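Before you work through the coordinates yourself, here is a short reviewer's note to read alongside them. The points start at one edge of a sheet, move to the aromatic side chains and end with the chain as a whole.

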Amino acid sequence: MNRRRKKRKLLLKQTAAVYLGLMCLPGVNGNAVVWANEVQEASLFSDGSELENGRWVFSDLPKQDESGNSGEGMYLSGNAYDGGVSSGGGSSGGGQGSTRAEKIYRQPKFILESSSLAGQQIPAGQEAELTAVFRNMSQSEAAYNLLVTLKAADESVSIATPSFYFAKVPAQSTITIPTTVQAAVNTEAKKTSITVSFEYENVKGETYTSEEPVALELYQPAQASVEGFRFAEQVYSGETVTTDLRICNTGRAPVYNVRAELTGQGLFAAEMVFAGTLEPGTAYDGSLKLYVGDKNMTSPGVSSSYEEENAYGEASGTLKLLFEDAYGKEYTETTDFATAILKPGIMELKAEKEEKAANQWWAASLIAMALLFTAILAGMGRKLRKKKNQIADLLALQEERHVP
């Protein structure tokens, strides 16, 4: 009876060993602990079996020689990651002993997907909001313990928030880097960049680093102004007036195609002032020649209406300064002014009065000079007569002395 029980027990152990070997074949999921739980006769593993490095080992199973004969002391082990079971120094189930195939871990790579400042310019001295989106391009590997740092290429750009941290970035996921950048006041117009550095780990704790550039474009705003411009408070219809002006480059960058033109009610410029290119800190002196018509005129000599009551009086005008920057962008600065257009007859009457006053002054001067000359001649005549009388008296006295 005991012999039959031992034989049955030995048969069950052999059956369990075969089951274990099948579970260790490549492509079969499982592990030693699960296998032990799945065996109904848990007591089968109580005699001579033990767990070594994740393997169930049976040291008292019948041993088979090269001819397939069973014997005592067979060593059989199995593991889900080995791809088979080993018996002594051999193997079964298609595995090479208990050799484990190592898994290859790919490095996650971060690529710039979008930048809010792409295609935009940052004016010197001003701030701009930067939002950069990066994607983990790996199809399977996540990035862990990610540190992102931002560094400008030079001192022309400052960054408000230079670093960010992410605990995990799954495969094919994105991260968003929001910060504020500012262009230096004295920077020149140029293209520059921010270097975004990534330092992270894979699932095994291996460290990786990578970099991605974010392009930026800076520019110096073109600045110019008009100085010394004064327009007369009143002008007369039909006359030509000249007004002087000075155009100054007040910025830190050259300005191009600089010109000034004047428009207004009844005012018509013969030509514009063209200053060309002005370097920073330089100026151009010029003048504008204008023909003064009346308020009804649309061009010199052409009127839209002949109503005299609306032709004269208060009028307004605008001096417009136009220039361009290095990118061809045009700027406009305007100066408004007010004047009054008077009838041409007022000017003629005033001239006649001035002429009459001038003629009266000259007449009075001539009369005074004539009277003065007459007085001088009269005085000289009296002196001559007196002198003549004195000479006559002397001659008479000499004749008397010579009479015997």
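1. Please keep in mind throughout that this is a predicted model. A convenient place to begin is the pairing of β6 with strand β13, which covers residues 207-219: the two strands run parallel and are joined by two bridges. Within this pairing, Ile122 is the residue that stands opposite Leu218 in β13.

2. In what order do the strands of the open sheet lie? The sheet has five strands, arranged as β6-β13-β12-β8-β10, and its pairing is mixed. Its edges are formed by β6, residues 122-123, and by β10, residues 163-169, each of which pairs on one side only.

3. The structure contains seven aromatic pairs. One of them brings together Phe110 and Tyr200 in an edge-to-face arrangement, with 5.3 Å from centre to centre and 80 degrees between the planes. This pair links distant parts of the chain, since Phe110 belongs to strand β5 (residues 110-115) and Tyr200 to strand β12 (residues 190-201), 90 residues apart.

4. Are the two partners of that pair buried or exposed? Phe110 counts as buried because its relative accessibility is 2%, which falls under the 20% cut-off. Tyr200 is likewise buried, because its relative accessible area is 1%.

5. A second pair to look at is that of Phe134 and Phe198, again edge-to-face, with 5.1 Å between the centres and 75 degrees between the planes. Here too distant parts of the chain are linked, with Phe134 in strand β7 (residues 127-136) and Phe198 in strand β12, 64 residues apart. Phe134 is classed as buried because its relative accessible area is 0%, and Phe198 is classed as buried because its relative accessibility is 1%.

6. These four residues should be viewed together rather than as separate pairs, for Phe110, Phe134, Phe198 and Tyr200 form one aromatic cluster with Tyr208.

7. Turning to the chain as a whole, its secondary structure comes to three helices and 24 strands. Of its 404 residues, 33% count as buried. The accessible surface of the chain is about 25,800 Å², of which carbon and sulfur atoms supply 51%.

8. Finally, which share of the contacts in the chain joins residues at least 24 apart? Among the contacts between residues at least 6 apart in sequence, the share is 60%. The aromatic pairs described above, at 90 residues apart for Phe110 and Tyr200 and 64 residues apart for Phe134 and Phe198, can be read alongside that figure.

Methods
Residues numbered from 1 in each chain as written. Predicted model: local features only at pLDDT ≥ 70, side-chain atom pairs only at ≥ 80, totals over all residues. Heavy atoms only, no water. Pairing = 2+ DSSP bridges. Helix = DSSP H or I, 4+ residues; strand = E, 2+ residues; numbered from the N terminus. Phe/Tyr/Trp six-rings, centres within 6.5 Å; stacked < 30°, edge-to-face > 60°. Buried < 20%, exposed > 50% of the residue type's maximum accessible area, 1.4 Å probe, protein only. Contact = heavy atoms within 4.5 Å. Areas by Shrake-Rupley, 256 points an atom, 1.4 Å probe, with all protein chains shown as cover.
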